[in-house]
Amino acid sequence: MSASQLSNSKVSQTKNTKFQSIKGFYDILPEDSPLWQKLEDTARRVLNQYGYRNIRIPIVESTELFVRSVGEHTDIVEKEMYAWTDSLNGDSLTLRPEGTAGCVRAVVESNLTYNGPVRLWYMGPMFRHENVQKGRQRQFHQIGVEAFGYRTPDVDAEQIVLLARLWRELGIEDVELQINSIGDAVERTQYRQTLIDYFEQHTDVLDEDAMRRLQTNPLRILDSKNPKMQAICEAAPKLMDSLGNETRMHFEGVCVLLKDAGVAYKVNPRLVRGLDYYNRTVFEWVTTKLGAQGTIAGGGRYDSLVERLGGDATPACGFGIGLERVFLLMQEYGIVANETPDVYLVNVGELAEKKAFDMAETMRNAGLSVVLHAGGGSFKSQMKKADKSNARYAAILGDDEAALGEVSLKPLLEVGEQVKCKVSDVFSIIKR
RNA sequence: GUGGCCGUAGCUCAGCUGGUAGAGCCCUGGAUUGUGAUUCCAGUUGUCGUGGGUUCGAGCCCCAUCGGUCACCCCA
């Protein structure tokens with residue numbers, strides 16, 4: 001392919017056209033970045049508290065990995081994947097639409113469960129070619145949390161409780177926990193057939209959407225918002241009723257632990273997840289404050305995926321957090337994070353300008369965060385910049401101070417006396 | 001993939017039945033020598049998303065296109 005063929009024809013037609021980010025791909029600007037970091041830092045801390053270990057996995061995997069794990073007939077695989085053929089060797093590759101598949105691949109590849117169960121987490125961008133709307137971008141960010149080798153309900157509950165703690169630490173309230181058990185593969189297949197049989201007796205009531213789902217995902221019909229189908233959905237056979245004893249006990253176990261932990265939940269029998277690999281416990285944390293995209297975290301058990309991807313049979317449980325949505329929710333709650341340097345170093349005068357650079361380094365050596373005013377300007381304008389920078393103190397360096405190796409410290413965030421001191425004393429004055 | 005609404009200054013927006021482009025915020029300078037965020041004064045802000053069309057004349061009307069936004073679907 002030639003260079004001219006490679007260039008975007010729409011852009012190259014008009015000269016000097018400004019580039020724009022691709023639809024659904026966006027910049028997180030410095031204004032928003034501190035709040036993102038607060039979110040990420042808080043999550044890291046909480047995950048650490050629970051003994052989850054970080055793993056960093058690629059953004060690109062082989063297409064087949066996602067087809068096998070997410071499911072051939074899911075929306076993600078059928079129409080949302082950024083997939084292409086590597087022009088150098090013909091491999092079919094895909095930008096990851098979710099993280100679990102790659103994580104399982106890594107666990108199997110490096111045999112991470114060799115010494116027993118592991119708890120893992122990762123963070124980063126995911127890619128789905130969907131239409132954008134509030135809380136949904138084509139490149140979006142998730143924290144993925146996965147536990148491998150744990151069979152018992154305590155891990156399911158642990159992950160849910162971990163999330164409850166995260167919301168608490170972030171200052172997010174009023175998020176609802178919905179849980180359900182969708183059974184093992186066999187139980188679900190049975191139930192699926194039961195459901196198809198049931199709805200096929202009532203096709204006169206089903207709308208177009210439901211008729212389509214009857215073939216693709218009959219469990220989703222129960223979720224219909226069509227009021228005309230409300231009655232028939234209510235009367236439909238319940239998934240819970242077709243679950244085996246072991247599955248029910250597992251679900252009971254999760255519920256009891258949640259109760260004991262004081263985490264409120266709502267059993268939602270219609271809660272099914274869009275990815276094929278889930279079984280038994282599924283859950284979502286939902287908010288009503290973000291419009292249509294209310295799920296801020298969701299996950300569940302996927303006991304057969306590891307084996308399906310070539311590993312030894314290993315039970316597993318995990319979830320994803322939609323960081324954009326949590327971020328929006330934090331904004332909704334007025335949660336803020338500001339960058340506040342300790343010092344903004346104002347420097348006016350020939351000698352002062354000469355010494356300021358070195359003086360800033362000295363203060364940084366002492367452990368302070370120091371923004372050096374660069375580029376000259378009047379005293380007044382420098383003070384204005386100091387104010388804008390959100391710094392706690394303006395360190396004023398004029399020729400008087402410079403000659404003596406001193407600075408004048410003026411508090412900017414609260415009222416207080418301006419004091420003149422040696423550069424070496426700045427740290428102890430500010431940090432006391 | 002489908003539909004509603006919207007694109008005017010860095011930001012938030014006004015702009016009448018078509019008649020040369022506006023406000024606030026921000027930014028810059030000043031209100032007697034080196035003190036910010038408040039106040040007062042002055043000043044800079046633009047291919048009106050893009051490309052066509054109608055018209056003597058288009059920010060405004062028409063078509064196309066791109067983008068934003070919200071929703072369906074689906075999901076984090």
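Here are some questions and answers on how the labels used for this predicted model follow from its computed values.

Q: What makes Arg 128 a polar contact of RNA strand B?
A: The cut-off is a pair of N or O atoms within 3.5 Å. An N or O atom in the side chain of Arg 128 sits 2.2 Å from a sugar or linking oxygen of RNA strand B, so the pair qualifies.

Q: What about Asp 387 and Lys 410, and how do you know which part of RNA strand B each one meets?
A: Asp 387 puts a side-chain N or O atom 2.7 Å from a sugar or linking oxygen of RNA strand B. Lys 410 goes for a base oxygen instead, with a polar side-chain atom 3.2 Å away. Both values fall within 3.5 Å, so both pairs count as polar contacts. As for the elements around RNA strand B, those that give two or more residues to the surface near it are strand S6 (139-148), helix H9 (208-216), strand S10 (295-301), strand S11 (316-322), helix H15 (379-388) and helix H16 (399-404). The largest share, eight residues, comes from H15.

Q: What makes a residue count as near RNA strand B, and how many do?
A: One heavy atom within 4 Å is enough. By that test 48 residues surround RNA strand B, and the closest are Arg 128, Arg 213, Arg 220, Gly 274 and Lys 388. Of the atoms of RNA strand B that come within 4 Å of the protein, sugar and phosphate make up 58%.

Q: How do the residues of the surface near RNA strand B divide into nonpolar, polar and charged?
A: There are ten nonpolar, 17 polar and 21 charged residues on that surface. Gly goes with the polar group and Arg and Lys with the charged one, so Gly 274 is filed as polar, while Arg 128 and Lys 388 are filed as charged.

Q: What makes a residue part of the lining of the second largest pocket, and how many are there?
A: A lining residue has an atom within 4 Å of a pocket point. That picks out 24 residues, with Ala 185, Tyr 277, Asn 279, Asp 303 and Ser 304 nearest the centre. Helix H4 (63-70), helix H8 (185-200), helix H11 (245-260), strand S9 (279-286) and helix H12 (305-308) each give two or more residues to the lining. The pocket has a volume of about 520 Å³, and its lining divides into eight nonpolar, six polar and ten charged residues.

Q: How do you know that S3 and S4 pair?
A: Pairing needs at least two bridges. Strand S3 (residues 82-85) and S4 have four, in the antiparallel sense, so they pass. Trp 84 stands opposite Leu 93 in S4. The hairpin of S3 and S4 has six residues between the strands, and Gly 90 takes a positive phi near 80° there.

Q: Why are S2 and S3 called edges?
A: The open sheet runs S2-S4-S3, with antiparallel pairing. S2 and S3 each have a single partner strand, so one side of each lacks a neighbour in the sheet. The twist averages 30° from one strand to the next. Strand S2 (residues 60-62) and strand S4 (residues 92-95) share three bridges, and Val 60 has Leu 95 as its bridge partner.

Q: What makes S1 and S8 edges of the sheet of eight strands?
A: That open sheet has the order S1-S5-S6-S11-S10-S9-S7-S8, with mixed pairing. Strand S1 (53-54) and strand S8 (266-267) each have a single partner strand, so one side of each has no neighbour in the sheet. Elsewhere in the order, S6 and S11 pair in the antiparallel sense over seven bridges, with Phe 148 opposite Ala 316 in S11.

Note on methods: Residues are numbered from 1 along each chain as its sequence is written. Chains are lettered from A and ligands numbered from 1 in the order in which they are written. This is a predicted model: local features need pLDDT of at least 70, side-chain atom pairs count only at pLDDT 80 or more; totals for chains, interfaces and linings use all residues. Side-chain values use heavy atoms; hydrogens and water are left out. A polar contact is a pair of N or O atoms within 3.5 Å; within protein, one must be able to donate a hydrogen and the other to accept it, and residues adjacent in sequence count only if both atoms are side-chain atoms. On a 1 Å grid over the protein atoms alone, a cavity is a set of points where a 1.4 Å probe fits but cannot get out, and a pocket is an open set with protein on both sides within 12 Å along at least five of seven lines; lining residues have an atom within 4 Å of a point. Grid points are joined across faces, edges and corners, and a volume is the space filled by probe spheres set on the points. Axes are lines fitted to C-alpha atoms, for helices over the stretch in contact, and angles run from 0 to 180 degrees between N-to-C directions.
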